[in-house]
Number of protein chains: 2
Amino acid sequence: MSGDTTLHSRILADIEGQIVSGEWPPGHRLPFEVDLAAQYGCSRMTVNKVMAQLVRSGLIERRKKSGSFVAQPKAQSAVLEIHDIKDEVQSLKLAYGYALIARTVRRSDAEDMRRLGLSKGTDVLDITCLHTAGHEPFCLEKRLINLAMVPQAADFEFVEIAPGPWLLAEVPWTSAQHTIQAISADKDAVKLLKLSAHEACLVIERQTWGQGGPVTNVRLTYPGNRHVVTAQFKPGG
Amino acid sequence: MSGDTTLHSRILADIEGQIVSGEWPPGHRLPFEVDLAAQYGCSRMTVNKVMAQLVRSGLIERRKKSGSFVAQPKAQSAVLEIHDIKDEVQSLKLAYGYALIARTVRRSDAEDMRRLGLSKGTDVLDITCLHTAGHEPFCLEKRLINLAMVPQAADFEFVEIAPGPWLLAEVPWTSAQHTIQAISADKDAVKLLKLSAHEACLVIERQTWGQGGPVTNVRLTYPGNRHVVTAQFKPGG
DNA sequence: TAGTGGTCTAGACCACGCT
DNA sequence: GCGTGGTCTAGACCACTAA
């Protein structure tokens, strides 16, 4: 963990490790800059650069006079503007609803392993659920959760709480990958999203990793004419 | 341009201005850190922080012993992995081809103004072209170019060179917005992309602004089953 | 008001890579 | 070689804000 090139990187990796491992949970107060400088035997400026990087990462928040605190795990919206679906619906001024459709635990089959990127079989939780906006179907969610990484998910019903926000609060994630594609609606989508046959749908697949392996893979199917993904940026980030 | 809060920000904004205005074109060598420090009357460390930020932004590249240079305008892939279509095709080990289908100059109509976000009418260049991979249609491009911002485009034929790379080399851009949606193929798409009727397509619309106003709006239509957009990221950027 | 982060300085040493 | 950027230091002052 401490065998990097520069002093920055070693301290950064060290502190990141404390956070993503959960040793310093969200809300935990980090040592002060002066103390960290003493601990690592470096100047305060060096520690400051590390902390600035951690702020840019969104891993910590800093308040004058109070100190630096591990941030609550944030949604991915920072980079790709895919909000929490509840927020997304509510920003349209529509009533949000959630319904669990299916929930099964099983030994991972070949397809599960491909989706999650598993090298060996584990137990997985397979969840199908529907998000509604103004009592109309809005988004169909098909999710796999790797129980080897999140064993406590096996004991959670997901009847009231959608798996997305639950996982976000429960598991620190370290990286994610999205793929976006257009497909014609399959039978499930036609029925649950009330579409006409073969209507174009936008499918967003998000694969999330934590420290130690794949956490979850989710496929969100939106009716194509009712949803767009947007991303705005400048060269200067 | 120099009325910000911190010394960093003022110097950063100043240098960014030189670059996006085109005063310092791609390839231009920036003054050395020591000289900039002298010019702005600050320490070298302060300049160094600014330069580090510019590198993160992708606006400059730095080489030891040589100096710092304004970077070639990069595709947006830095943030959202949408490559230049030519690169995209060639990374699939397929032969890339480009064909101009239509090219007209006209006074902007209401639809043009909506797409480009124009407040008043200007002349626009309307281009339709096709990108092919291995002699099969790959992507249909419908583009509007704001001639008030890029007058020299009126004199360019776009027979050999696609408008995307031409604009990238010609016009510095300051911000861009993507929207991604799924639609059923329209008649043009069916014919030119050789699709079956109402096949699902992925439509990526990119609106680009330069200093002074909207530059171009492009709609890229991909067969949905042949294309995915991916975006990978970590909380640590 | 006192402690904390935010910012900046004027040095320094080093590694890299042109020449 | 030698100039450049990369990194780091040991201070300093200021602004903010929680106590």
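**How the protein meets DNA strand D**

In this predicted model, a base of DNA strand D gets a polar contact from chain A: one of its nitrogens sits 3.3 Å from an N or O atom in the side chain of A:Arg44. The backbone of the DNA is touched as well. A phosphate oxygen of strand D lies 2.3 Å from an N or O atom in the side chain of A:Thr46, and a phosphate oxygen is also found 2.9 Å from a polar backbone atom of A:Ser43.

Zooming out, 22 residues surround DNA strand D, with A:Leu7, A:Ser43, A:Thr46, B:Arg44 and B:Arg62 the closest of them. By class, that surface splits into nine polar, eight charged and five nonpolar residues. Both chains chip in: α1 (7-20) and α3 (44-57) come from chain A, α3 (44-57) and β2 (67-70) from chain B, and each of these elements supplies at least two residues. On the DNA side, sugar or phosphate accounts for 61% of the strand D atoms within 4 Å of the protein, and bases make up the rest.

A:Arg44 turns up again in the packing of α3(A) against helix α2 (residues 33-40) of chain A. The two axes come within 8 Å and cross at roughly 110°. Angles of 65 to 115 degrees count as roughly perpendicular, so α2(A) and α3(A) are roughly perpendicular to each other. Their crossing is right-handed. From α2(A), the contact uses A:Glu33, A:Leu36 and A:Ala37, while α3(A) brings A:Val47, A:Asn48 and A:Met51 along with A:Arg44. Sorted by class, this contact has four nonpolar, two charged and one polar residue.

Terms used:
Residues numbered from 1 in each chain as written. Chains lettered and ligands numbered in written order. Predicted model: local features only at pLDDT ≥ 70, side-chain atom pairs only at ≥ 80, totals over all residues. Heavy atoms only, no water. Near = heavy atom within 4 Å. Polar contact = N/O pair within 3.5 Å; in protein donor to acceptor, adjacent residues only side chain to side chain. Helix = DSSP H or I, 4+ residues; strand = E, 2+ residues; numbered from the N terminus. Nonpolar A, V, L, I, M, F, W, Y, C, P; charged D, E, K, R; others polar. Axes fitted to C-alpha atoms, helices over the stretch in contact; angles between N-to-C directions. Parallel < 35°, antiparallel > 145°, perpendicular 65-115°, else oblique. Left-handed = near helix turned anticlockwise from the far one by under 90°. Contact = heavy atoms within 4.5 Å.
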